[in-house]
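The following note is offered to a colleague who is meeting this structure for the first time. Its points are numbered so that each may be checked in turn.

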Amino acid sequence: MKKAELIVIPMPWMGHVIPAVGIAKRMVEHDQRISITILVMNLPFSADDDKIKSLQADASINGRITFLLLPRLERPMEDISRAPVHQLITEYKPLVKRVVQEQVMSSTSSASTCSDSPGHLAGFMVDMICTTMIDVANELNVPSYVFFTSGAGTLSITFHFQTLTDDHGMQVSDEFKDLDTDHELDVPGFMNRVPASVLPSIFLDKDGCASFLNHARRFRETKGIMLNTFMELEPHGIQSLLNDAGVPPIYPVGPIVNLNPQTEDPNDGVCGARDSIMRWLDDQPPSSVMFLCFGSIGSFTEEQVREVAKGLELSGHRFLWSLRRPSPSDEKVGPPQDYDDLEGVLPGGFLDRTAKIGKIIGWAPQVAVLSHPAIGGFVSHCGWNSTLESLWFGVPIAAWPMYAEQQLNAFHMIREMGLAIEIRMDYRWDIRKKASNAIVEADAIEKGVRKIMDLESDVRSKVKEMSEICRKTMVKGGSSYDWLGRFIENVFVNIPSYLEQHSLLQ
């Protein structure tokens, strides 16, 4: 039986590494011929060691997934923390090549004579931000593939802007950053015109736009793009990509969601917090609690925190609120931190008045919370992983996007699919300046909470239906199951010969 070994190189941020590990598990479960080696770089803001080790233990149960944790780059930590991420990834290329040659290719070269060997090196699957690693795949004479951790709409708009730049000479960031917020664009992959106010933030920044469009150019060099989405969620966007002859083969294989809560909270201190949260939820009626959580780097100004508190209190609904403050002002970018004194940031008497219906926490075990029967709604930043998790567990979203492509995700969920309601779709949080483009007032928050907690709403019914669909799509006979099979067959069609690989080890 012919076997294949894939090298997976994720961005080591939790929002990227978790779905990368998830798709690796899916592939080895789907086809006994596939083995995978995951190379994890050590970069600023990487997932901490405990979480990586927890993911490693969870994935390694299968036996055909190997984790290789790469050492930190040999330069002063101060230099590393200041360097652009894309530069650091580029500096990892010699080490990645050496590790693959010495620890992967040397073992796969025996594939033709040993039945227990993992198989020929079949290629690299790189994260959407790690496209510079395509150079290493080219040097090793193996194919490359991309794992795009967001949705088809984001990929469509990325290719669209790259075409406008390369074929029509448009300076995308200059063209769109000062457009009136009411201006709308025709974008492939969307049924409705897209408001300029929901364009991904990276396309409004000159340097960020240039960098991401360069990733798009590299996408086109690959043998295929795997997407963490599914046909029933983004039918128009996926079909638009499939119809584009200039785009490599597309494989919508999602939703890849983390269903193991233990990988969220591997250290003892956090486990204690998780137990307290789950005990509180156990005491609440079914579908009665509104969960508020804004991602791994989501936070608000104190003025906005007070408006959220007022809105929650006015709504009268039970709530579980993951409340965190921005990183210190001397840090340009950093994860939010727990408040030392909640009373100092909340309206006077709020904690006492809401003690029987609300619980404020810091870090949140999101998967465990969303899966709990007490949760009835989710005020979310609309990160793609969070969006897929909410659909998986059938919890409707009140959309409050903050950064990255989250405004576009919210637009898709609200306008394209009718699977969410809006709190404020054009809200933006600048993670460097730690400031927003607006203050969302209490009455808008109250209105959003009341609408999403309506147990008879059309949105809730649609989300429940989509929850059933997304579970079916992952099993035999489902669309994503079939697309994953097609991807694996593509890998075997493109696999380099033994002689080509063996010559690179001489």
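1. Helices and strands are here DSSP runs, numbered from the N terminus, with at least four residues for a helix and at least two for a strand. The model under discussion is predicted. With those labels in hand, asparagine 141 can be placed in the loop between H6 and strand S5, the latter covering residues 144-148.

2. The backbone of asparagine 141 deserves attention. Its phi is near 60°, a positive value in a residue other than glycine. Is asparagine 141 buried, partly exposed or exposed? The residue counts as partly exposed, because its relative accessibility is 39%.

3. A positive phi is also found at cysteine 382, which is not a glycine; the angle is about 65°. Cysteine 382 belongs to the loop between strand S15 (375-380) and helix H15 (384-392). With a relative accessibility of 1%, cysteine 382 counts as buried.

4. A further backbone feature is the peptide bond between glycine 254 and proline 255, which is cis, with omega about 5°. Proline 255 sits in the loop that runs between strand S9 (250-252) and helix H11 (268-282).

5. The cysteines raise a question of their own: how many disulfides does the count give? The count comes to zero disulfides. Cysteine 209, for instance, is in no disulfide, and the nearest cysteine sulfur, that of cysteine 130, is 19 Å away. Cysteine 209 counts as buried, given its relative accessibility of 4%.

6. Why does cysteine 293 form no bond with the closest cysteine sulfur? That sulfur belongs to cysteine 382 and is 12 Å from the sulfur of cysteine 293, therefore too far for a bond; a disulfide requires the two sulfur atoms to be within 2.5 Å. Cysteine 293 is buried, its relative accessible area being 7%.

7. The charged side chains form the next topic. Side chains of opposite charge can pair when their charged atoms come close. Across the whole structure, a search finds 15 salt bridges. One of them joins glutamate 489 to arginine 33, with the closest N and O atoms 2.9 Å apart. This pair links distant parts of the chain, the two residues being 456 residues apart: glutamate 489 lies in helix H19 (residues 479-493), while arginine 33 lies in the loop between helix H1 (14-30) and strand S2 (34-40). Glutamate 489 is partly exposed, at a relative accessible area of 41%.

8. Another salt bridge brings together the side chains of glutamate 139 and lysine 97, at 3.2 Å from N to O. Here too the pair links distant parts of the chain, 42 residues apart, with glutamate 139 in helix H6 (residues 134-139) and lysine 97 in helix H5 (residues 93-108). Glutamate 139 counts as partly exposed at 44% relative accessibility, and lysine 97 counts as partly exposed at 25%.

9. A salt bridge within a single helix is given by arginine 450 and glutamate 446, whose side chains meet at 3.0 Å, N to O. Both residues lie in helix H17 (residues 442-452), four residues apart, or about one turn of the helix. Their exposure may be set side by side: arginine 450 counts as partly exposed at 41% relative accessibility, whereas glutamate 446 counts as buried at 19%. The cut-off matters for this assignment, because buried means under 20% relative accessible area.

10. Some salt bridges share partners. Which residues do they join into one network? The network consists of Lys93, Asp135, Arg218 and Glu221.

11. Charge at the surface should be noted as well. Asp340, Asp341, Glu343 and Asp352 form a negative surface patch. Within this patch, glutamate 343 is placed in the loop between strand S13 (337-338) and helix H13 (350-353). Glutamate 343 is exposed, because its relative accessible area is 60%.

12. A last point concerns two residues that are far apart in sequence. Histidine 30 and valine 475 are separated by 445 residues in sequence, and by 9.8 Å in space from C-alpha to C-alpha. Histidine 30 is located in helix H1 and is partly exposed, with a relative accessible area of 22%.

Methods: Residues numbered from 1 in each chain as written. Predicted model: local features only at pLDDT ≥ 70, side-chain atom pairs only at ≥ 80, totals over all residues. Heavy atoms only, no water. Patch = residues over 30% accessible without salt bridge, like charges linked within 9 Å, V, L, I, M, F, W, Y side chains within 5 Å. Areas by Shrake-Rupley, 256 points an atom, 1.4 Å probe, with all protein chains shown as cover. Salt bridge = Lys/Arg side-chain N within 4 Å of Asp/Glu carboxyl O. Lys, Arg positive; Asp, Glu negative; His and termini not counted. Charge placed at Lys NZ, Arg CZ, Asp CG, Glu CD. Buried < 20%, exposed > 50% of the residue type's maximum accessible area, 1.4 Å probe, protein only.
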